[in-house]
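Please find below a colleague's note on the structure shown here. The points are numbered for ease of reply.

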Amino acid sequence: MSNSIILSSAYLAPIEYYQAIAQNENTIIEQYDHFEKQTYRNRCRILTCNQIMDLVVPIIRPKERCAFKEIKISYKEKWQQIHWRAIESAYNNSPFFEYYKEDYEPFFTKEYEYLLDLNQGLLETTMELIHLHSNVSLSQMYQKAEELTDTKDLRRSFHPKQEHTETNKPYYQVFNQKFGFQPHLSIIDLLFNMGPETILYLK
């Protein structure tokens, strides 16, 4: 187990993201970088009965570049209802959805002003449900990779369009028979399907 890592903020982050947290003592979440399109900062991937689906949190586009912590969520469309219905439809038949759904559903009714606050709330709740006891904190300033000391820079290590050289070890998924095992999904895919065994999988 290494000393510490730094990650970008993520919305219902992929399994690999949580593996990185589980396998390190300290994790810093970057809040001073700039928002980038088509990243896990405001999207996650789930497996539905038809296909892999990206759930995207709409944001209010800032007029000028600003720190990620200042990015606000847009509620012009009813994205919370759309996301929760998709999650419910995808995982209603999974072994542990009923067990965990009351922990997640409030995130899709409460309106968070800032994307960072939503992401952090989901991260903290997920870590608690998984029983993942790692030290997580927010960055205090932006530092370039070469300026980081004793901290591994993983801020660009997890990206939806990134080609993966490694794949997740297969685990049970609701639609295994239809699609075969699908890797690189949101942590909720693992949690709803594997429940208490999630922490063993991550470590």
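1. Where is His184 found? The model is a predicted one, and in it His184 sits in the loop between H5 and H6. The residue has a positive phi of about 65°, although it is not a glycine. Most residues other than glycine have a negative phi. With a relative accessibility of 12%, His184 counts as buried, because the limit for that class is under 20%.

2. A second residue of this kind is Asp150, which is not a glycine and yet has a positive phi, of about 60°. Asp150 is placed in the loop between strand S7 (135-138) and S8. Is Asp150 buried or exposed? Its relative accessible area is 64%, so Asp150 is exposed. A check of the backbone might take both loop residues together: His184 counts as buried, whereas Asp150 is exposed.

3. The aromatic residues deserve a separate point. Searching the whole structure gives 13 aromatic pairs. One of them is formed by Tyr104 and Phe192, with ring centres 5.8 Å apart and planes at 90°; the pair is therefore edge-to-face. This pair links distant parts of the chain, since Tyr104 belongs to helix H3 (residues 97-104) and Phe192 to helix H6 (residues 187-194), 88 residues apart. Tyr104 and Phe192 are both buried.

4. The rings of Tyr171 and Tyr201 form another pair, with centres 5.4 Å apart and planes at 80°, so this pair is also edge-to-face. Tyr171 lies in the loop between strand S8 (151-153) and helix H5 (176-179), and Tyr201 in helix H7 (residues 198-202); the pair therefore ties together parts that are 30 residues apart in sequence. Both tyrosines, Tyr171 and Tyr201, are buried.

5. Which residues do ring pairs link into a cluster with Tyr104 and Phe192? The other members are Trp84, Tyr91, Phe97 and Phe108. The edge-to-face pair of Tyr104 and Phe192 thus has both of its residues in this cluster.

6. Lys72 is located in strand S6 (residues 72-73). Its relative accessibility is 33%, and Lys72 therefore counts as partly exposed. Leaving aside residues up to four places away in sequence, Lys72 touches Ile59, Ile60, Glu113 and Tyr114. With one of these, Glu113, the side chain of Lys72 makes a polar contact of 3.2 Å. As a distance for reference, the C-alpha atoms of Lys72 and Thr125 are separated by 21 Å, the two residues being 53 apart along the chain.

7. Ser74 lies in the loop between S6 and helix H2 (79-91). At 11% relative accessibility, Ser74 counts as buried, whereas Lys72 is partly exposed. Beyond residues up to four places away in sequence, Ser74 touches Pro58, Ile59, Ile60 and Trp79. Ile59 and Ile60 are thus among the contacts of Ser74 and also among those of Lys72.

8. How many cavities of 30 Å³ or more does the structure hold? There is 1, and about 50 Å³ of space lies in the largest cavity. Its lining is made up of Ser9, Ala10, Ala13, Tyr17, Tyr18, Ile29, Asn119, Gln120 and Leu123. By class, this lining comprises 6 nonpolar and 3 polar residues, with no charged residues.

9. Two helices, helix H1 (15-22) and helix H4 (115-130), each supply at least two residues of the lining of the largest cavity. Which element gives the most to that lining? H4 does, with 3 residues.

10. Helix H4 also holds Met127. With a relative accessible area of 8%, Met127 is buried. Not counting residues up to four places away in sequence, Met127 touches Tyr18, Ile21, Leu132, Ser134 and Val136. Among these contacts, Tyr18 is also a lining residue of the largest cavity. Between Met127 and Glu30, which are 97 residues apart in sequence, the C-alpha to C-alpha distance is 18 Å.

Definitions and conventions. Residues numbered from 1 in each chain as written. Predicted model: local features only at pLDDT ≥ 70, side-chain atom pairs only at ≥ 80, totals over all residues. Heavy atoms only, no water. Phe/Tyr/Trp six-rings, centres within 6.5 Å; stacked < 30°, edge-to-face > 60°. Helix = DSSP H or I, 4+ residues; strand = E, 2+ residues; numbered from the N terminus. Buried < 20%, exposed > 50% of the residue type's maximum accessible area, 1.4 Å probe, protein only. Contact = heavy atoms within 4.5 Å. Polar contact = N/O pair within 3.5 Å; in protein donor to acceptor, adjacent residues only side chain to side chain. 1 Å grid on protein atoms, 1.4 Å probe; cavity = no way out; pocket = protein on both sides within 12 Å on 5 of 7 lines; lining within 4 Å. Points joined across faces, edges and corners; volume = space filled by probe spheres on them. Nonpolar A, V, L, I, M, F, W, Y, C, P; charged D, E, K, R; others polar.
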